[in-house]
Amino acid sequence: MRVFVNVEDKRWKKYKIDFEKIANAAVTSAYKNAEVSITLVDDVAIQKINKKYRGMNKPTNVLSFELGDDVLLGDIFISLDTVQREAKNENISVAEHTAHMVVHGMLHLLGYDHLNDKDAARMEKKEITILKKLGYKNPYTAESGVCIDESCCPGGKFVMNLKRFFHGAFGRTTMFALCAVVASFGFAPFNLWWATLIGVGGAYLLSLKTLTGISCWRRFWRIFPFGAVYAIAMFWWVLNSIYVVPELASQFAIWTLPAILGIGFLGGIVFAPSFLAISSIRLNPACRPFLFASIWTLVLWLREWLFTGFPWNPIANISLQNLYVSNSMSLYGALGLTFVVVGIIAAVCEIINNRRIGLNYFVLFCFLMFGTIGILYGIRNVHFVANHCDSENRPIIRIVQPAQNAAQKATHSRAAALQNANHNLQVMTALAAAEGEYDLIVFPETAYPFVMMPGDIVSMARVLDRPMVIGANYFDDGKLYNSMLVVNSDATVSDVYSKSHLVPFGEYRPFGDFIPTPGQLTAGDGPELITMNLSGKQFIFAPAICYEIIFSDSLIPYGKVPNAIVNITNDNWFGKTPGTYQHLDMVRRYAIESGVPIVRSNYSGISAFIAANGSVESSIPVGVSGHVDGTVCGAHRTLYRKMGRDMWMIIILVVSCLGTIWISGVTRKK
């Protein structure tokens, strides 16, 4: 480690002290490329510094200013006048007491502190061990003048009290949890995008300050509250489904608390790696934004697969209130935009943490440049591609939203079920038969209340005299499916698409009968295209049932460009909780990434026509029964779809590695 000694008080020269040897004794070989500055002053100079940065107008023995940087560790100031007085009082040499001050100051730079008895004992033990290696006795065997009023720690009394709070277990947990709650408000229905920036940024800064100087295991448990609370704040609404139907509530309510704890536990694991990396891997601070953003994005990519996959609420979704920014996903996808946004957050935090490192500004410029390129491509997507429609007549589609409550739709009483089924059919038929010209009717997921089998007909199509798309349970070859039926106007079924990505615990039992599940369905074969002839107009669409649409690259066969995606779903289980609004945002994100408009029929959520640029052209609000007519156009193949999700993940990792290597090389040359 390189030690730069600045002698401002010439009296220090008569003491032959090897500051480099002492400072290096306090660090491990991991810091061999690090740098530290030690400035030797008198009481007048250190009193000015103490007053400026702590608001305390008095001299002290040593001041340590940590930079939060694994290379540029920080600055240490030592006053000869105070050291001489304390050495005389302790009956030791100035050289010995100075060695203690250097070691004490170095440990502060490495993240050690003495704000409570436990931390003080840990720090003192470390000092004793280092000084013993240097040939000095235990400085704590007698009364010591070191930091008796916490004078070597920057900050006034108020700041010191805050530091005590942050360093305490309860304080750390509270601050990380608060950051998580704030971060969750960036998503629908709140849409406070800046809250996510503040929440994630706050956790980043807390990690730099509270995760250094401790084991990896302790780091994990310190950051765990952020991930746990972040996951619970965003996903608690899934448990609303337990209480929608009384019969289900009586059976599954007991699982509410275990489910909440499970969500928190998995969230703590999933969202910890990025923060652990920036506090565990020795890098120049300017490299940390690349590391943090790439790992956060890699975790998002892994969320497509882990535990059957649930890539809900990528940070990219906070941009959906601005079409130009959100349409950068037509270039980068949610992965790329998340990488850019998280990288900007981290780069700004590094500047806040240390304004003197010029490379931090360069890294921020890089991420802003990536963002600008995405926005320029997004503007093109909004104005010149997604809104380009051919001149030929397009089929008019009617979306029906019954908005019957879940208790009426799903009951375990056989007699009531039959009565409700017939009533629901009458309601849907009346809504679909409302005045207007249309070529196709789209009903929501499981809207048809009877189990269908091969050869069965859907008689309501004859009444409406229109082809339709409707969701139903489909039984074939001894297996039950959650399916989408394409029904001709003569009531015959021409195509059946079955949901391939089933919901664990809702549609199948991932652990057998250990945790009871309402249904045990069979998965379908995966993505396909369906072609319909609607009054002489060809309509090609990709079918999607429920949350299948949240998985990138999951619905459209490679190289194909359908006219639309038809997404049937049932958010009845989640009512007006955030999940219903966030589900719509996930659909909008898919439209932008794929470049394909979406026809979305929801049983009682938000039914909508969504353009290929992600804008909602018309919709039916939550809980409102009715219909909406519209057309779709502007389907195109975005650059994101041409390259694919996995290729963009590789590009992100390569960019991060190259950025880290370049910055490390520049630092070594200096």
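Begin with the empty spaces inside this predicted model: a search of the whole structure finds 5 cavities of 30 Å³ or more. Go to the second largest of them, which holds about 70 Å³ of space, and select its lining, made up of L300, W301, E304, P311, P314, A334, L335, S552, R589, E593, Y640 and R645. Three elements each give two or more residues to this lining, namely α13 (288-302), α15 (329-353) and α20 (578-594). If you colour the lining residues of this second largest cavity by character, you will find 7 nonpolar, 1 polar and 4 charged.

Next, turn to the largest nonpolar core, which has 117 residues, and select F226, Y230, W296, V469 and I565, the ones with the most contacts inside it. Helix α15 supplies the largest share of this core, with 15 residues. A second, separate core has 36 residues, V27, L73, V103 and L110 among them.

Return to I565 and display its surroundings: leaving aside residues up to four places away in sequence, I565 touches A542, A544, I549, L555, I556, Y590, S594, V596, P597, I598 and V599.

For the last stop, select I663 in helix α22, which covers residues 645-669. Is I663 buried or exposed? I663 counts as buried because its relative accessible area is 1%, and the cut-off for buried is under 20%. Around I663, again not counting residues up to four places away in sequence, the contacts are N284, A286, C287, F290, L359 and V363. Pick V363 from that list and draw a distance from I663, C-alpha to C-alpha: the two are 9.2 Å apart in space, although 300 residues apart in sequence.

Methods
Residues are numbered from 1 along each chain as its sequence is written. This is a predicted model: local features need pLDDT of at least 70, side-chain atom pairs count only at pLDDT 80 or more; totals for chains, interfaces and linings use all residues. Side-chain values use heavy atoms; hydrogens and water are left out. On a 1 Å grid over the protein atoms alone, a cavity is a set of points where a 1.4 Å probe fits but cannot get out, and a pocket is an open set with protein on both sides within 12 Å along at least five of seven lines; lining residues have an atom within 4 Å of a point. Grid points are joined across faces, edges and corners, and a volume is the space filled by probe spheres set on the points. Helices (H or I, at least four residues) and strands (E, at least two) are DSSP runs, numbered from the N terminus. Ala, Val, Leu, Ile, Met, Phe, Trp, Tyr, Cys and Pro count as nonpolar, Asp, Glu, Lys and Arg as charged, and the others, Gly among them, as polar. A nonpolar core is a set of buried Ala, Val, Leu, Ile, Met, Phe, Trp, Tyr and Cys residues joined through side-chain atoms within 4.5 Å. Buried means under 20% relative accessible area, exposed over 50%, partly exposed in between (1.4 Å probe, protein chains only). Contact means heavy atoms within 4.5 Å.
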